[in-house]
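Me: I have a model open at the bench and some of the terms used for it puzzle me. Could you go through them with me, one at a time?

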Amino acid sequence: MKQKTLYIALGLFTLAAALTVADRFVHFPAAVLMTARWLLVAALLVHGWFKRSLTTWIFVAMIVGAVAGHDFPQIADDRHVNVRVLALIFLRLIKTVIAPLIFATLVVGIAGHSDMKAVGRMGIKAIVFFEVVTTLALVIGLFAINVSKAGVGAQIPVTTSASDLAAQKLTATDTILHVFPENIAKSIAEGQVLQVVVFSVLFGIGLAGVREERRKTMLTFCESLAEVMFKFTNIVMLFAPIGVGAAIAYTVGHTGLGVLVNLAKLIAALYVALIVFLVGVMLPVLWWMKVPIRAFLKAIAEPATIAFGTASSEAALPSAMECMEAFGVPRKVVAFVMPTGYSFNLTGSTLYLSLAAIFVAQASGIHMSIGQQLLLMLTLMLTSKGVAGVSRAAMVILLATVGTFGLPIEPVFVLLGIDQLMDMGRTAVNVIGNCVATVVVAKWEGEMPVAIQASGMRDAVRD
């Protein structure tokens, strides 16, 4: 029965693909093409039913969401209750996990560590790795936009008012102060991950200085809290396909696929640059560190898919931490490197910023010399470190940087319209980059189990 059903699914998929290809030569009615798309959806749903894999269902949900948003754009109507509410429910549930999970794992990782010097050494290695890879991301972004010239000759209409961007221009003093929490409850409520990290690190250091009999109770509590939050995450992840599908449906239904026409070149340049970064930087790093690449790719499939579908690094954080721990990275390394990387190692967002800033100049007909572009890169190296600490994330940093260099802000407005489409790719790369960072730091520290080999990872990595 199962084999017969799979054959039916394959037949539906083939029929849908044939109708889509044939439409290039014989223009079918809209109803026929819609039927072809939903035949494809039906085939994917049958495949997902038998596959019974969370990653598979998330992928299927993305396709279903895109088709539903395209064929029924009214489901994204902001004047009524729309499918976005399902995506927001998923994101809210995930965000409840972030602060207690980071606090518990960091405190255990620091206070439970017998050698405090090792914690400092691990921090230095992580920061060095972050700076190297983010600089390479900036260079690749600049190279991609200069080669593609995606903004040259662009006719971009202004469809968004300046008030919609509401930029926060942070001074150097503001950026430094933003790292340190003034009220931990406020930091948790506002989702300030870096402030929660700083508080947790200081709390862990303080706990490490307490007598053994006093420290043991709090450590036991934090260990229990971390286990509970991981179980809580597993429950919330069951809702992931619905949340991801709803997010995609809202994006497509709200902006429409036509938005890709004028800016397809820019989107293509970004995704090609992201792929070049992954293949040209991340892959060699894994090979150099002798990490089993196939097993690693299998381990990050779920968090990367969640990040791509929701365009939210926070949504993928619990899953990424759990998958890296299952891969063999010790919890103390994961708990320290992963949250820190969410503020200092956003490689995808950094690459996007360099590409988008030059796109603004090209679209405005302004030529920037190599020297000016290098100065822009240096500026982004500093400002991008606050990308997770301000509203609208990369878009706000981009607007502030454009203003600093005297570039017109009008081209930034239209980028806001396709930001969701671009944010999916850069967010997925952010998550992958942080997963790579945890493995690299663990390797440098000699913390990865020797027994981890490509052929022996099937039982260590979650399906």
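Reply: Happily; the talk below takes the terms in turn and sets values against definitions.

Me: Before the terms, what kind of model is this, and how are the residues numbered?

Reply: It is a predicted model, in which local features need pLDDT of at least 70 and side-chain atom pairs count only at pLDDT 80 or more, while totals for chains, interfaces and linings use all residues. Residues are numbered from 1 along each chain as its sequence is written, and side-chain values use heavy atoms, with hydrogens and water left out.

Me: How many helices and strands does the protein have?

Reply: There are 19 helices and 0 strands. Both are DSSP runs numbered from the N terminus, with H or I and at least four residues for a helix, and E and at least two for a strand.

Me: Why is H4 called roughly antiparallel to H9?

Reply: Helix H4 (residues 84–111) and helix H9 (residues 212–237) pack at an angle of about 150°, and their axes are 8 Å apart. The axes are lines fitted to C-alpha atoms, for helices over the stretch in contact, and the angle runs from 0 to 180 degrees between N-to-C directions. Angles under 35 degrees count as roughly parallel, over 145 as roughly antiparallel, 65 to 115 as roughly perpendicular, and the rest as oblique. The angle of about 150° therefore makes H4 roughly antiparallel to H9. By class, their contact has 20 nonpolar, 3 polar and 2 charged residues. Here Ala, Val, Leu, Ile, Met, Phe, Trp, Tyr, Cys and Pro count as nonpolar, Asp, Glu, Lys and Arg as charged, and the others, Gly among them, as polar.

Me: And what makes H4 and H13 oblique to each other?

Reply: H4 and helix H13 (residues 313–327) pack at an angle of about 50°, with axes 8 Å apart. That value falls in none of the named ranges, so the pair is oblique. The crossing of H4 and H13 is left-handed, a word used if the near helix is turned anticlockwise from the far one by less than a right angle (right-handed if clockwise).

Me: Which residues meet where H4 packs on H13?

Reply: On the H4 side they are Phe-90, Leu-91, Ile-94, Lys-95, Val-97, Ile-98, Leu-101, Ile-102 and Thr-105, and on the H13 side Glu-314, Ala-315, Leu-317, Pro-318 and Met-321. Sorted by class, they come to 11 nonpolar, 1 polar and 2 charged.

Me: Is Ser-200 buried or exposed, and how do you know?

Reply: Buried means under 20% relative accessible area, exposed over 50%, and partly exposed in between (1.4 Å probe, protein chains only). Ser-200, in helix H8 (residues 193–208), has 0% relative accessibility, so it counts as buried. Leaving aside neighbours within four places in sequence, Ser-200 is in contact (heavy atoms within 4.5 Å) with Ile-102, Phe-103, Leu-106 and Val-107. Leu-106 lies in helix H4 and, at 2% relative accessibility, counts as buried too. With that sequence rule applied again, Leu-106 is in contact with Val-197, Ser-200, Val-201, Ala-335 and Phe-336. Across the protein, 50% of the 463 residues count as buried.

Me: What sets Lys-149 and Lys-290 apart as far as phi goes?

Reply: Most residues other than glycine have a negative phi. Lys-149, in the loop between H5 and helix H6 (172–179), has a positive phi of about 50°. Lys-290, in the loop between helix H11 (260–288) and helix H12 (293–310), has a positive phi of about 60°.

Me: Why is Lys-149 called partly exposed, and Lys-290 exposed?

Reply: The relative accessible area of Lys-149 is 45%, so it falls in the partly exposed range. For Lys-290 the value is 71%, so it is exposed.

Me: Last one: what makes a set of residues a nonpolar core?

Reply: The members are buried Ala, Val, Leu, Ile, Met, Phe, Trp, Tyr and Cys residues joined through side-chain atoms within 4.5 Å. The largest one has 102 residues, of which Phe-296 and Met-324 touch the most other members. Helix H19 (residues 419–444) gives the most to this core, with 13 residues. Apart from it lies another core, of 9 residues, including Val-107, Val-108, Leu-219 and Ala-226.
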